[in-house]
Every structure is written in structure tokens, then in C-alpha cells.
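Here is a friendly walk through a protein for someone meeting it for the first time. Have a look at the sequence and the 3D view, and then read on.

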Amino acid sequence: MSNEQISQILVVDDQKPVSETIAMVLRSEGYTVCTADNGRDALLRLKDTPLQLVISDLTMPRMSGFELISAIRWRFPRMPVIAMSGTYTIDQIPRSVDAFYAKGRMSPERLISMVKELLSRQYHRRRHLQAA
């Protein structure tokens, strides 16, 4: 799937330098990226913007990433979600996430690979449903 077919990726993290760095890395790959500082802001973005993927930190004020992921699964059950954390491990995250990015322990290239894989799966699922 080409990046032109991607509407937007949302990066959610209360640490602005983290969200901006991830956004910069994804933009360098040709993706369109918006950011949110917390789960509540992210839900507003999801309501108002056609998004195709969410990358969310798990530890945030106002609404944690755990709460955000639960809300996304309830409102947008097919939305691919990558949980990220520098504190939690893959064994501690909700099973409802599609991938896990360990901040500070995984390379940006690994995150890009996850994004490409999830968006490709989503694109092929949509194409399959349209053909049926």
C-alpha cells in the first residue's frame, strides 16, 4: 500500500518531545501525522478527523492510554492501535492492541515496520470487504 492512501496517523503522548519526534519519523516516511497530548484530546481528534492508525502512550494524565484504547475499541473496533510505553512491558498491555512499541528499547525503524504492517493489513481487509 502506498503512503498516499493513508489519511492520517494519530500519535498520543503527554510528552511533547516524544510525540513530535515520532511524528517527524513517520512524516519522513511520507505519512500524514497529527498529535494529541492526552486521551481526551485523542478522542476529539478521532471524532473529527479521518484516521487510520493510533499510536498511544499508556501513561498519561486526564485519560490513560489504557482508557483511550478501551474507548477506541468500543467506538472504532477496527482501528489499528499501537500501544507504547517506557514503563510497561508487552506482558502488561491490553490484548486488544495490535502492536507494542517499547519506548527507548526499540528502534524507530521497528515502529515504522509496525505501522507499515498494520496499515497494509487494514488496507487488504478493506479491499477484501469491498470485493465481497
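What follows goes from the whole protein to one pair of helices and then to two single arginines.

Before anything else, keep in mind that this is a predicted model. Start at the N terminus and trace the chain: you'll pass through β-α-β-α-β-α-β-β-α, in that order. That makes four helices and five strands in the protein.

Now for the protein as a whole. It has 132 residues, and 48% of them count as buried. The accessible surface of the protein adds up to about 7,100 Å², with 51% of that belonging to carbon and sulfur atoms. And who touches whom? Take the contacts in the protein with a separation of 6 or more: 61% of them are between residues 24 or more positions apart.

Next, zoom in on two helices, α2 (residues 39–48) and α3 (residues 65–75). Their axes are 10 Å apart, and the helices pack at an angle of about 20 degrees. Angles under 35 degrees count as roughly parallel, so that is the label for α2 and α3. As for handedness, the crossing of α2 past α3 is right-handed. Which residues do the touching? From α2 come G39, A42, L43 and L46, while α3 brings L68, A71, I72 and R75. Sort the residues of this contact by class and you get six nonpolar, one polar and one charged.

From here, step over to helix α1, which covers residues 16–28 and contains R27. Is R27 buried, exposed or partly exposed? Its relative accessibility is 40%, so R27 counts as partly exposed, given that the in-between class sits between 20% and 50%. Setting aside neighbours within four places in sequence, R27 is in contact with E20 and V33. You can also check R27 against I9: the two are 18 residues apart in sequence, and their C-alpha atoms are 9.7 Å apart in space.

The last stop is another arginine, R62, in the loop between β3 (53–57) and α3. What about its backbone? Phi of R62 is near 70 degrees, which is a positive value in a residue other than glycine. R62 has a relative accessibility of 54%, and the cut-off for exposed is over 50%, so R62 counts as exposed.

Technical notes: Residues numbered from 1 in each chain as written. Predicted model: local features only at pLDDT ≥ 70, side-chain atom pairs only at ≥ 80, totals over all residues. Heavy atoms only, no water. Buried < 20%, exposed > 50% of the residue type's maximum accessible area, 1.4 Å probe, protein only. Contact = heavy atoms within 4.5 Å. Areas by Shrake-Rupley, 256 points an atom, 1.4 Å probe, with all protein chains shown as cover. Axes fitted to C-alpha atoms, helices over the stretch in contact; angles between N-to-C directions. Parallel < 35°, antiparallel > 145°, perpendicular 65-115°, else oblique. Left-handed = near helix turned anticlockwise from the far one by under 90°. Nonpolar A, V, L, I, M, F, W, Y, C, P; charged D, E, K, R; others polar.
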